[in-house]
Structure formats: C-alpha cells, structure tokens
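Subject: Structure handover

Hello,

Here is the structure we spoke about. Please open it first, then read the notes below.

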Amino acid sequence: MAGVLRVVFGCINYGSKKTTQKSHASNTSSKTTSPSHRTLKQKPIGELLSLHIGSNNQNNVYPLDLLLALAQSTRRSLKQSYLLLSDTELQRGYSELLSKITDSLGKVSLDELMKSLLAIAQICQRQDVFLDLNETRISLHPQESKELTTCATYLTKQAVVLFKKAEGILLDNRFGGIPNSWLTTVLWAYTVTGQGSDELLHVIKSEVLNRELKTFHESELVQVLDSFCMAPAFNSEDVFGYIHQEVMRRGLIGFKTCELPVLMYSFVSQDSTVFSPEFYQRIKIDLLGRDVRVITPVELSKLFWSFARVKSNVDSIDVIKYLQKELLRRGLSKFDDRGVAVLMWSLIELNFFSKELFNLLKREICRRNQRTFSSHDISIIFWCFAKIKNRFDSRVIFAMFDKELHHRGFAAFSHSELAMTLWSFAELDQGTRATLTKLTTEIQNRDIKELKPVLISQLIWGFAKVRNRVDVIDALRFLSSKLSKEVAIQKFTMRQLALMLWSLAVSDHMSPLLWFPIRCQRGHPITLSDP
C-alpha cells in the first residue's frame, strides 16, 4: 500500500501528508514522562488502552504518556492505526482517554497541551491513509482549481472537543513567549486536522509576521508554508511574501533535500506569478546538486507539478531529465494513483516526452486495480495519452478503463472530467458503444449553465466525433438548445464558436441562433432570418 511510513525522529517529511514531527522532549520539562514511558512505547494499542479502559487510572499511567505512546504505535504500524480506526472497543477507550485529557487541559502546562495536540494530529493523519489513499492532493483540471489541499483528516468527536477547548486556551495566551518550534507545531496540528478557525490562524499569522524570521530554523519555515497550504481558504499571502524574502536572503544551503519540493510547491501553489523567476531558478540549480533518492514519491510528484506550473518562467528541461533518471531507477510502485496522474500531466504540460518513461507509466497503470483510480485520475490519464496519440500506443489503457467505467458509470465525474473523458475517447477513437452511451446520458443530466465555454465546446466536438458509434442526436439537441437559451454565448472565443459550429454542422444539427455571436464580432447586424 502506498504511504507506509518510516519512523524517523528529527526529520519532517512535509511533502506528503505524513509529517513526522520533531520530538520536543529536550525542550520541555520531564514532568510529563512517567517511569513507564519507555515500556509504553513498545506496546500495541490494545494493551495501551487496556491500561485505561475502565481502570480509573488504577495503573498510574499518566494520560498524556498514554496518548504519546498511541501516536508512536500508529506511526510505527499501519495495522495498529487501522485497529484504532475500526475496533469499537478501542475507539471507546480512545474517546475516554481524550475526554480525560480534555478535562485536564486547564490545569496542564502549555507544553503538555501542545504535545496533546501534536499526538492527536499524528494519529489522525496516520489513519487518513485508510480514508484517502491518494496523498498527492492536487487537482489537475486546467479549467478548475489547481489545488485540493483542504484536509479531510479523520477526527473523532472527542478530539474535536479537545481541539476547540485547546484553541480557547491558546487564544487567551496569544502565543506570547512560545518558542518558534511550538508555534509551528500548533499551526501544523490545527491545519492538518482542519480544526483551525480563522481567528486562531490570524493570531498565528500575526505572531509569525511579528517575529524575526532569522530566528526560525529552515524546517520551521517550511512547516509554516506547508501548514498554510493546507488552509487554502485563509489569506496567508503576506506570510508567503515575508518568508520568500527570508529564503532569498539566506539561500537554500540550510534546507534539507526533502524540504526543497515542499518549499517550491508551497510558493507555486499560492501564485506562480507573484514570486520572482530567480527564486525558482535557484531551487532548480540547487536540486541538480542534491541526492534526490531521499525525496519521497509524493514530493517528486509535486516537484514535477511545480515545474510544470512555472514553465514559462524557468527552463526546467535539465532538472526534469535529472529527475527522470531517478524515476526510472526506483520505478513507480510507491506512487499513489494521484501521483501517477500528476506525473503524467506535468510531463505533458512541460512537453517532455520520453518513450521509456511513458512505457513505465503505462506498465504501472496496467498493473494496478482500476477500481482504486478516482474519476479525476482517470480523466487526466485519458487526456494525457490523447495528447501524445501520434507518439504512443495507449489503446490497452483505454480498453482497461472502458470496462471499469461501464461498470462504475459517470455519476461521480465532475463537469471537467466528463468533458475531458469524452474528448479523449473522441480524439483516439476509443470507447465501446455501451460506455459512450452511459457517458452521453450522464452529460444530458447535467446543468449546462455550470459548464465553462471551453467545456461546452469540447463536449459538442466530442459528440460530433463519436456520432458514428453512438446515438448523439438527443445530446446535441440538448446542448444546442441550452446553449441558445441559457448560456451567455458572447463569452465564447472565436475558436470555440467555430469548433461548435463545425461540430453541429457535420452532425446535421445546426441551430441558426448560434450564428449570432460570430456575426456580431464581424460587425454584421443580428437578424433572426440569417441562415
């Protein structure tokens, strides 16, 4: 399974949603460490929670020690993480433990409070592997948002209560005198669990802006960037600008290799036009001198995506060739499905074609279970192979997914995904009659007013191309009717209008109303009698 973690203390893997936080034990008092703490770390979660369930603390196990041991147990073993997620009795014990810790929050030190937040966030993040196997959270449809960074981490009801109560305590203290390491840890814990309110994030942001960034370690700067990336709805542009200046001042030599992908991804995902091309050029040059074997698959996917996004500002052909060697060396078995789609999309956007690399991608996709691919991933994979139709034979991929889509249907597909799937089928002359019929029916059930002009033109062109293999008359009648009555057709470009007119003409389904925008742009008067 993609995403099995290595337990590495003192190293933060920010590029995936599998961050292993630094231990802060050396920076805090030993008050929270009981004599049995070393023994607790070695126990499975069943034995750990048996010390607490119904015991009324008869075993003299400090609740925070127990929580920290649970966090380490789930980090060490996916099986332990799954048990805590699925076993009813263990869930009850975990909730009781969190309830006890919640009741004591007002009496413990801030260090203990932050350790509690960190441990719960680590447990939840680890369990998220089972709830969303795709940890590469990037949306690739050019017509839609480029990012899917909002966290969907599983959090128990009692954990939500604990986070809310802890937030009140933290807001009362306003983070005055809290070390940078704990400030960034709190930010990460609240953003990775999706529990950070705007008020809390604003206070943390203000605190970061009020501190001198030269006092922050490189790993802490990356953690701030990564955390705010997981809260895309919150305006953190000023923080990114502040950190950008500091990174340009100090250079990249102090950053670990595994931190460079997250550094670049964080800035690119905000707005690739805000920050200077020199910044991305520096990262590119620095990467060429690094050992990229330490970069995780998720981080590699994000690196490719980042360079694709800034392709107009940075000539990245040399670093892409360098990263390609690493991909060919390690293979793609550790990449999740979204990571494979991200990699393919990036290569197409960069106009980088390597038959050896695309053969590797093809073999890896064929090796996997088609049912695990999301509609997003399938539509992107189709689109990528359709873009290189004259250079690569991908018929086996389409045949494989055709069977899956006939069984699955298209209800889960977004408007962009439907348009790109139909376009790809049409471009490569793929798709069985049964699958195309299902696709056509699904498109007719959608509200065309929600479609963007480029998607409408793609759909109409796609139907025109597959008209000899499936009955598309009803679909074209539906689209052209909606187009003339409900869509602001003036928003279409001349190319999109010409594409639609050609498609409707060859399909023998021309509507006179579609001539109006073209005649307006050419200076002709609008008359209903015009052919």
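A few terms come up front. Helices (H or I, at least four residues) and strands (E, at least two) are DSSP runs, numbered from the N terminus. The expected span of a helix is 1.5 Å times one less than its number of residues.

This is a predicted model, in which local features need pLDDT of at least 70, side-chain atom pairs count only at pLDDT 80 or more, and totals for chains, interfaces and linings use all residues. Residues are numbered from 1 along each chain as its sequence is written, and side-chain values use heavy atoms, with hydrogens and water left out.

**Helix H15**

H15 covers residues 317–330, 14 in number. From first C-alpha to last it reaches 20 Å, close to the 20 Å expected at 1.5 Å a residue. Its buried residues (under 20% relative accessible area, 1.4 Å probe, protein chains only) are Val 319, Ile 320, Leu 323, Gln 324, Glu 326 and Leu 327. They cover an arc of only 165° around the axis, which puts them on the same side of H15. The arc is that of the directions from the helix axis to the C-beta atoms. On the other side, Lys 325 and Arg 329 are exposed, meaning over 50%, with partly exposed in between.

What covers the buried side? Among the elements are helices H13 (277–288), H14 (297–309), H16 (337–349) and H17 (355–367). After H15 comes Gly 331, with a positive phi near 80°.

**The core**

A nonpolar core is a set of buried Ala, Val, Leu, Ile, Met, Phe, Trp, Tyr and Cys residues joined through side-chain atoms within 4.5 Å. The largest one has 161 residues. Leu 67, Ile 120, Leu 263, Ile 365 and Phe 385 touch the most other members. Helix H6 (residues 110–131) gives the most to this core, nine residues. Domain 1 (40–132 + 152–173) and domain 2 (372–530) both contribute, so the core lies between them. The domain bounds come from an automatic or database domain assignment.

Take Ile 120. Beyond its neighbours within four places in sequence, its contacts (heavy atoms within 4.5 Å) include Leu 67, Tyr 94 and Phe 163.

**Ser 394 and the cysteines**

Ser 394 sits in the loop between helix H18 (375–387) and helix H19 (395–408). At 4% relative accessibility, Ser 394 counts as buried. Leaving aside neighbours within four places in sequence, Ser 394 is in contact with Phe 385 and Leu 428.

How many disulfides (pairs of cysteine sulfur atoms within 2.5 Å) does a search of the whole structure find? Zero. Cys 124 is buried at 2% relative accessible area. Cys 366 is partly exposed at 31%.

Best wishes

Technical notes:
Disulfide = S-S within 2.5 Å.
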